[in-house]
Amino acid sequence: MVKGYFITGTDTGVGKTLVAGGLAALYKNKGLNVGVMKPVATGCKRVNNRLISDDAVFLKFSAEAEDEYDLINPVSLEQPLAPTVAARLSNTKIDTDKINTAFDTLCERHEYMIVEGIGGLLVPIDEYYFVVDMAEEMELPVIVVCRPTLGTINHTLLTVSYARQHGLDVKGIIINESAENCDAIVKDTNTDEIKRLTSLPILGTIPFHKKLDIKDYNKELLIKIFRDNVDKDIII
Ligand SMILES: Nc1ncnc2c1ncn2[C@@H]1O[C@H](COP(=O)(O)OP(=O)(O)OP(=O)(O)O)[C@@H](O)[C@H]1O
Ligand SMILES: [Mg+2]
C-alpha cells in the first residue's frame, strides 16, 4: 500500500498547498519516490484552452513530478467556489471515478503520495460526497493544517473530531503562519491547548516568510524552512 499523507486544513487559505509542497520537496530531497495530487481544484486559470490549478502546478514543481498534469489534477473548475457549486455553474458534474483512477495510477508509480484536499473536510465534491469521503477512500494518514490565530482551537478540534468520526487516521497537526503579524500571545498559547485537547502531536510550526509564497517557486527556501520546522519523523 502507498505511504504518504492526505493534507487537509481547518479552512481554505490556511497553507495546505505550502505544507503539501514542503513535505513533497523534503521527500524528493531525500531521494524518495514521491507523487503528488490535487484531486479537485477550483478557481483554475485558462491556459491554452486548459484549466490549470496554481496548487497543482506548485505541487508538481515541489515534488519534481513527471506525471501528466491530468493525473495530478484530474478535476479542474474555473469558478473559485466549492466544487459542487463550480461544477453546477459550468454545467458539469464531477466525475469521482476519474479521481480514483488517477490516484490508483499514481500509487502504482510512486512509493509515497502527498495529496492536498480542497478547503476543509466538509467541502462537497458530489451531491453527498465530501472531502472527508475522498480522504477515507484514499486510506492515507491525515495531517491537519491550521492557523495560529484566534479561533484556531475551535476550528482544529472540529476538524480532528470529524476526521476521527469518519475513522481517518489523523497523524498530527501543522500550525502554519500563513499571514504576517499573528498575535504573539495567541500563537504561543495555541500549541499546548491543541495538543492537550486532541492528544495529537504538533508535527511542525511553519513561520511566515514573504518569499515562501507558492507563486515564488523558491525550492531551496521551501526545503530549508520545512527541514528546520517539521518533525524529523514526518517522513514515513
Ligand atoms: N508560512 C507562510 N509564509 C508566507 N506565505 C504563506 C505561508 N503559508 C501560506 N502562505 C501563502 O498564503 C496563501 C495561502 O496558502 P495556501 O495556498 O498554501 O493555502 P491553502 O490552504 O492551500 O488554500 P486553498 O484552500 O486555496 O487550497 C498562499 O499565497 C501562500 O503562498
Ligand atoms: Mg491549496
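Which protein donors does the magnesium ion (ligand 2) have? Let's start there, keeping in mind that this is a predicted model.

## The magnesium ion

The protein donors of the magnesium ion are Thr17, through OG1, Asp55, through OD, and Glu116, through OE. They lie 2.0 to 2.2 Å from the ion.

Now look for these residues along the sequence, where the spacing of the donors reads T-x37-D-x60-E. Threonine 17 belongs to helix α1, while glutamate 116 is in strand β7, which covers residues 112-116. The two are 99 residues apart, so this pair links distant parts of the chain.

## Who surrounds ligand 1?

Next up is ligand 1, which sits in the largest pocket. It has 20 residues around it, and the closest are Thr12, Lys16, Thr17, Asn176 and Ile214. Thr17 should ring a bell: it is also one of the magnesium donors.

What kinds of residues make up this shell? By class, you get seven nonpolar, seven polar and six charged residues. Helix α1, running over residues 16-29, gives the largest share of the shell, with three residues.

## Polar contacts and burial

Zoom in on ligand 1 and you can pick out some polar contacts. One of its oxygen atoms is 3.1 Å from a polar backbone atom of valine 14. An oxygen atom of ligand 1 is also 3.1 Å from an N or O atom in the side chain of glutamate 116, and Glu116 is a magnesium donor as well. On the nitrogen side, a ligand 1 atom is 3.1 Å from a polar backbone atom of histidine 209.

How much of ligand 1 does the protein bury? Taken alone, ligand 1 exposes 620 Å², and the protein buries 83% of that.

Conventions. Residues are numbered from 1 along each chain as its sequence is written. Chains are lettered from A and ligands numbered from 1 in the order in which they are written. This is a predicted model: local features need pLDDT of at least 70, side-chain atom pairs count only at pLDDT 80 or more; totals for chains, interfaces and linings use all residues. Side-chain values use heavy atoms; hydrogens and water are left out. A residue is near a molecule or strand if one of its heavy atoms lies within 4 Å of it. A polar contact is a pair of N or O atoms within 3.5 Å; within protein, one must be able to donate a hydrogen and the other to accept it, and residues adjacent in sequence count only if both atoms are side-chain atoms. Accessible areas come from the Shrake-Rupley method with a 1.4 Å probe; for residues, only the protein chains shown count as cover. On a 1 Å grid over the protein atoms alone, a cavity is a set of points where a 1.4 Å probe fits but cannot get out, and a pocket is an open set with protein on both sides within 12 Å along at least five of seven lines; lining residues have an atom within 4 Å of a point. A molecule sits in a cavity or pocket if more than half of its atoms lie within 2 Å of its grid points. Helices (H or I, at least four residues) and strands (E, at least two) are DSSP runs, numbered from the N terminus. Ala, Val, Leu, Ile, Met, Phe, Trp, Tyr, Cys and Pro count as nonpolar, Asp, Glu, Lys and Arg as charged, and the others, Gly among them, as polar. Donors are N, O and S atoms within 2.8 Å of the metal (3.2 Å for Na, K and Ca); water is not among the atoms, so sites may look incomplete.
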